[in-house]
Amino acid sequence: MARLPDIDATLATVERIASAPTAPFHEFRAMRAIAAELDALGIDAKTDAYGQLHARVQRGRAVRSMALVAHTDHPAFDIIRADGREGRARILGGFYARFFAHEVNVLVCDDTDAPSFTAVLDDYVPEPDLPNNSLGHCRIRATQTLRVGQWAALDLPAFEARGDELHLRAADDLALAAVVVLALAALRDDPRPHDVHAVFTRGEETGLYGARLVAEDGLVPKDAIVVSLEASRALATARPGAGVVVRPGDVYNTFSNEGERFLRVARERLAESGIPTQRALLTGGTCESSAFVRMGWITTAIALPNVNYHNQTEDHDRFVPEIVRLSDLRGAVALLVEGVAAAGADEDESWWPDVRNVPADMRARMRTALDAKRRD
């Protein structure tokens, strides 16, 4: 029977990971937080040539393996010019220009764990920079001396639990990085045969760069089923609180029916335990499964419905925390655990054996009907 992770352990894991400020190409604080969680669980983690974390949990002889992929960056700002306490900050990732019509409060960080300090962005200049998925740049005025190489994240609460709502500075995608860690923790103690790889990537918000490098360099086995994890824009067909979403594709690509098979088995098991799930085509953007399906991997994906996606809302032009539901997040962990176990046993959905082959009497009946028509 499918089981949800403990609430207190879930909240603690999400808070520790999501509290790390992060930015495209500057994900090292988040990576250290994730590595600390894995180390506490006794799960070995390795860093690839691109600074991305890889881990693996396996037991017994699994028929099929899965690779869970979650990115560790979030739209933010890169300081590209500095003169004392003023400079210019380049926008990195998917923000809308209208949110820079007034001052934006940010936290200036570096890639160490040095204390951050506050700053204000204004004087937005549109200057598209496609390789960095950038709208342009802003003036930055800080409370301390700036230097090139520092970066800034939105000055928003990193983590707040309000009942079932989790208000996060970067639910996309640190909440799902926490889901991967929680799934590995559950599978570490699961007696069923399973084999799961975990990859925590970089540079997703600017062009899926980390995932593309993993795919191009073959850093996960080609026979592993790749599962992308996202906190994607909530839609009428993907409602917060209605369960984790299994997504058959994104705005550009269709994923693999064979990969989704094991998530369908998992959905059946969750349904038996009264845990809701959803299935919807999410067209708000491109997820990391697209980096793999184009290179020949069997892929699928899941998502948490994310309110205020990329900290933006249609109601006004002020940045706000992203919101995901704790219940959806815990369901995502349960779904992945059951999906990995189903892959390990190469299981089919309950209905499939009954429809795999047409019964002999129906085959004969269909032929009889055709013969009768020909005689007429």
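Biologist: In this predicted model, which helix holds leucine 184?

Modeller: The chain here is a predicted model, and leucine 184 counts as buried in it because its relative accessibility is 0%, where buried means under 20%. The helix in question has 18 residues, numbered 171-188, and it spans 25 Å from first C-alpha to last, close to the 26 Å expected at 1.5 Å a residue. It is mostly covered, with 16 of its 18 residues buried. The helix that holds leucine 184 is H3.

Biologist: Which residues is leucine 184 in contact with, leaving aside its neighbours within four places in sequence?

Modeller: One of these partners, alanine 55, is 129 residues away from leucine 184 in sequence, yet the two C-alpha atoms are 8.9 Å apart in space. Two others, Val196 and Ala198, are named among the buried residues on one side of strand S12. The full set in contact with leucine 184 is Leu38, Ile43, Ala55, Val57, Val196 and Ala198.

Biologist: How many of the residues of strand S12 are buried?

Modeller: On one side of S12 stand His194, Val196, Ala198 and Phe200, and these are buried. On the other side stand Asp195, His197, Val199 and Thr201, which are buried as well, so that both faces are covered. Strand S12 covers residues 194-201, and the number buried is 8 of 8.

Biologist: Which strand runs antiparallel to S12, and which runs parallel?

Modeller: Strand S2, residues 53-59, is joined to S12 by 7 bridges, and within this antiparallel pairing glutamine 58 has aspartate 195 as its bridge partner. Strand S3, residues 66-71, is joined to S12 by 6 bridges in a parallel arrangement, with alanine 70 standing opposite phenylalanine 200. The antiparallel strand is therefore S2 and the parallel strand is S3.

Biologist: Which residue forms a salt bridge with arginine 202?

Modeller: Arginine 202 sits in the loop between S12 and helix H4 (209-216), and its partner sits in the loop between helix H1 (7-18) and helix H2 (28-40), 175 residues apart. Arginine 202 counts as buried because its relative accessible area is 15%, and the partner counts as buried because its value is 0%. The closest N and O atoms of the pair are 2.6 Å apart, and the partner is glutamate 27.

Biologist: Is arginine 88, which forms a salt bridge with aspartate 123, buried or exposed?

Modeller: The closest N and O atoms of aspartate 123 and arginine 88 are 2.9 Å apart. Aspartate 123 lies in strand S7 (residues 117-129) and arginine 88 in strand S5 (residues 86-92), so the salt bridge ties together parts that are 35 residues apart in sequence. Aspartate 123 is partly exposed at a relative accessible area of 45%, whereas arginine 88, at 8%, is buried.

Biologist: What N to O distance is found where the side chains of arginine 192 and aspartate 190 meet in a salt bridge?

Modeller: Arginine 192 counts as partly exposed because its relative accessibility is 29%, whereas aspartate 190 counts as buried because its relative accessible area is 9%. Side chains of opposite charge can pair when their charged atoms come close. For the pair of arginine 192 and aspartate 190, the N to O distance is 2.7 Å.

Biologist: Which elements do the buried residues of helix H5 pack against?

Modeller: Helix H5 (residues 257-272) has 16 residues and reaches 22 Å from its first C-alpha to its last, close to the 22 Å expected at 1.5 Å a residue. Its buried residues include Phe262, Leu263, Val265 and Leu270, and also Arg261, which is linked with Arg64, Glu258, Asp346 and Asp348 in a network of salt bridges. Just after H5, glycine 274 takes a positive phi of about 75°. The elements packed against are S3, strand S13 (225-233), strand S14 (244-247), strand S15 (277-279), strand S16 (299-306) and helix H7 (326-345).

Biologist: Which residues make the nonpolar surface patch of about 290 Å²?

Modeller: One member, valine 355, has its place in helix H8, residues 352-355. Valine 355 counts as partly exposed because its relative accessibility is 45%. The patch is made by Trp351, Trp352 and Val355.

How values were computed
Residues numbered from 1 in each chain as written. Predicted model: local features only at pLDDT ≥ 70, side-chain atom pairs only at ≥ 80, totals over all residues. Heavy atoms only, no water. Buried < 20%, exposed > 50% of the residue type's maximum accessible area, 1.4 Å probe, protein only. Helix = DSSP H or I, 4+ residues; strand = E, 2+ residues; numbered from the N terminus. Pairing = 2+ DSSP bridges. Patch = residues over 30% accessible without salt bridge, like charges linked within 9 Å, V, L, I, M, F, W, Y side chains within 5 Å. Areas by Shrake-Rupley, 256 points an atom, 1.4 Å probe, with all protein chains shown as cover. Salt bridge = Lys/Arg side-chain N within 4 Å of Asp/Glu carboxyl O. Expected span 1.5 Å × (residues − 1). Contact = heavy atoms within 4.5 Å.
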